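Hi everyone, thanks for making time this morning. I'd like to walk you through one structure, so please have a look at it on the screen while I talk.

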Amino acid sequence: INAEYGAQYKQSKVFVMKKILIALFFLSVVFTLEIGVPSWWWCDSSKDLAWNETIANSKIGSVNPHSGPGDSFVPCFLEVGKRMISQGMISAAYIDSNPWGKGYKPISQMLQEIDSYVSWYPGAINSLFVDDLENNGCTMYDYYSQIVSHAKSKGLNTVICNPGSCPHSCYFGLCNIMLTFEGSASDYINSYPSCANDMTGWHMVGDCDDVDTMKKVVSLAKDRVKYLFVTNYNTYNYQMPFYWNSFVTAVKSV
C-alpha cells in the first residue's frame, strides 16, 4: 500500500510540475512586452534609419502614405511594407474613420480605401489600422463591423483599432488589437485609467522627455499591455525618440 501510495504521489507531483511549467510558458508568451511602432512617416531616404530600426525591433508597423492610401500608388511604401512582412511583422494599412473628430467618413469611402491598399500594395500589408474608433459608446458598431469584415475578406486578418482611450466593451470582440492608451507620459504615470489594461493591446505614450521617465513607463507597461511605443514627441507627431536605443534595451530587459 505504501509503495502504491508513493508511486501515485510521485505521479501526481510530476503532473503538477508539468502544469506549472506549461502555465509559466504560456505566461511568458502572452505577457512579454513588445515594441509597436506606428511608423506614420514617409518612406524616402530621409527616413531610412527610422524604417531600419522599426523593422529590426518592432512587431508592428504601418503603411500610411497620406493618412490613408491617397489617390495613387507610392512605390517606396510597397518596398518597406514587403520588408516588414518578410520579418514577420504586422504591416498595417492605415485608414482614419473620423479625422480630427469632425465626422465619420461614408462607409463606401472606407471600403474603397481598403480596396486601394490591397490593389496597390500586394504582399506589403497583412492587417488594417483603423484610427479614431468610436470611444463613447457602441452606436457605430455596424459601421465598424462592415469595415472589419471587408478587410478580412481581402486578407487583412489582423485589425488594429484606435479609440485613443478605453472604448465600449462591444469593440473588443471586433478588433484584434486595441489601442487603449494614447497620451502623455505624465498621464501614464500619474493618472492612468485602469480600464486601459489590455494584455493583447497597444499603448502609445508621448511627451516623454527623458530616459528615466521612459524607463518608468516601460516598467509600468509590462503589467498593462502587449505592445508599446514611447517618444519624446507629442501624440500627434509620432517620430522616433532620441533615446530609441535605450527604449529598445529597456523593453527587452523587462
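Let me begin with a word I'll be using a lot: a residue is buried here if its relative accessible area is under 20%. Please also keep in mind that this is a predicted model.

With that cut-off in hand, let's start at S39. At a relative accessible area of 0%, S39 counts as buried. You'll find S39 in the loop between β1 and α2. Leaving out residues up to four places away in sequence, S39 touches W51, G61 and S62. S39 also sits 7.6 Å from T54, C-alpha to C-alpha, with the two positions 15 residues apart in sequence.

Two of those names, W51 and T54, take us into helix α2. The buried residues of α2 are A50, W51, T54, I55 and N57. And what do the buried residues of α2 pack against? They pack against β1, β2, which is residues 60-63, and also α3 and α8, the latter being 244-253.

Let me step back for the overall picture. The protein has 8 helices and 8 strands. Of its 254 residues, 46% are buried. If you take the contacts with a separation of 6 or more, 68% of them are between residues 24 or more positions apart. As for the outside, the protein exposes about 12,500 Å², and carbon and sulfur atoms supply 53% of that.

Now to the disulfides, which I suspect many of you have been waiting for. How many disulfides are there? The count comes to 4. I'll go through three of the links.

Start with C43 and C76, which form a disulfide with their sulfur atoms 1.8 Å apart. This link of C43 and C76 is right-handed, with 45° about the S-S bond. C43 lies in the loop between β1 and α2, while C76 is in helix α3, residues 75-86, so the bond ties together parts that are 33 residues apart in sequence. C43 is buried, because its relative accessible area is 7%. Notice that S39 is in the loop between β1 and α2 too.

Next come C161 and C175, joined by a disulfide with an S to S distance of 2.0 Å. Is this link left-handed or right-handed? The torsion about the S-S bond of C161 and C175 is about -80°, so the disulfide is left-handed. The link connects distant parts of the chain, with C161 in strand β5, residues 158-162, and C175 in the loop between β5 and β6, 14 residues apart. Both C161 and C175 are buried.

Then there is the disulfide of C166 and C195, with sulfur atoms 2.0 Å apart. Here the torsion about the S-S bond is about 85°, so the disulfide of C166 and C195 is right-handed. C166 lies in the loop between β5 and β6 and C195 in the loop between α6 and β7, so the bond ties together parts that are 29 residues apart in sequence. C195 is partly exposed, because its relative accessible area is 44%.

If you number the bonded cysteines in sequence order, the pairing reads 1-2, 3-6, 4-7, 5-8. One more cysteine to point out is C208, which is buried with a relative accessible area of 0%.

Let's stay around β5 for a moment. N162 lies in this strand, and N162 is buried, with a relative accessible area of 1%. Which residues is N162 in contact with, apart from its neighbours within four places in sequence? They are F129, V130, D131, D132, L133, L179 and E182.

That leads us on to β6. This strand is mostly covered, with 7 of its 8 residues buried. On one pairing, β5 and β6 run parallel over 2 bridges, and C161 stands opposite M178 in β6. On another, β6 and β7 run parallel and are joined by 5 bridges. In that pairing, F181 has H203 in β7 as its bridge partner. To get from β6 to β7 the chain passes through α6, and this β-α-β crossover is right-handed.

If you'd like something to do with the viewer afterwards, try finding C161 first: C161 is joined to C175 by a disulfide and stands opposite M178 in β6. Thanks for listening, and I'm happy to take questions.

Definitions and conventions:
Residues are numbered from 1 along each chain as its sequence is written. This is a predicted model: local features need pLDDT of at least 70, side-chain atom pairs count only at pLDDT 80 or more; totals for chains, interfaces and linings use all residues. Side-chain values use heavy atoms; hydrogens and water are left out. Helices (H or I, at least four residues) and strands (E, at least two) are DSSP runs, numbered from the N terminus. Buried means under 20% relative accessible area, exposed over 50%, partly exposed in between (1.4 Å probe, protein chains only). Contact means heavy atoms within 4.5 Å. Accessible areas come from the Shrake-Rupley method with a 1.4 Å probe; for residues, only the protein chains shown count as cover. A disulfide is a pair of cysteine sulfur atoms within 2.5 Å. Two strands pair if DSSP finds at least two bridges between them. A crossover is right-handed if, with the strands pointing away from the viewer, the path from the first strand over the helix to the second runs clockwise.
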